[in-house]
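Visitor: I'm new to this one. Can you walk me through it?
Guide: Sure, here it is.

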Amino acid sequence: MSTAPDPEPRAPKPSLVFDDPLDQQSSDDTDRGWGERPGADSAADLKRFLDEKPPHHL
């Protein structure tokens with residue numbers, strides 16, 4: 001009589017979390033990421049503005 005090898009342990013199933021999501025800080029709550037580009041200068045900002053300007057703003 002042969003014994004079957006033990007099955008590999010499975011990762012635990014994700015559990016439901018009933019925490020209030022508004023208690024956690026989101027990326028919008030920080031000053032980081034509001035359009036700043038690291039190392040950008042005013043000439044690069046002007047070029048980006050001109051490249052992304054809608055056509056009716058000539």
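Guide: One term up front: a salt bridge is a side-chain nitrogen of Lys or Arg within 4 Å of a carboxyl oxygen of Asp or Glu.
Visitor: How many salt bridges does that rule give?
Guide: Two. Keep in mind that this is a predicted model, where local features need pLDDT of at least 70, side-chain atom pairs count only at pLDDT 80 or more, and totals for chains, interfaces and linings use all residues. Residues are numbered from 1 along each chain as its sequence is written, and side-chain values use heavy atoms, with hydrogens and water left out.
Visitor: Which residue pairs with K47?
Guide: D51 does, with the closest N and O atoms 2.8 Å apart. K47 and D51 sit four residues apart in helix α1 (residues 42–52), so about one helical turn separates them.
Visitor: And which one does E52 bridge to?
Guide: R48, with the closest N and O atoms 3.3 Å apart. E52 and R48 are also in helix α1, again four residues apart, about one turn.
Visitor: What helices and strands does the protein have?
Guide: One helix and zero strands. Both are DSSP runs, numbered from the N terminus: helices are H or I, at least four residues, and strands are E, at least two.
Visitor: Is E52 buried or exposed?
Guide: Exposed, at 53% relative accessible area. D51 is exposed too, at 52%. R48 is partly exposed, at 32%. Buried means under 20% relative accessible area, exposed over 50%, partly exposed in between (1.4 Å probe, protein chains only).
Visitor: What share of the protein is buried?
Guide: Of its 58 residues, 0%.
Visitor: How much accessible surface is there?
Guide: About 6500 Å², with 56% belonging to carbon and sulfur atoms.

Technical notes
Accessible areas come from the Shrake-Rupley method with a 1.4 Å probe; for residues, only the protein chains shown count as cover.
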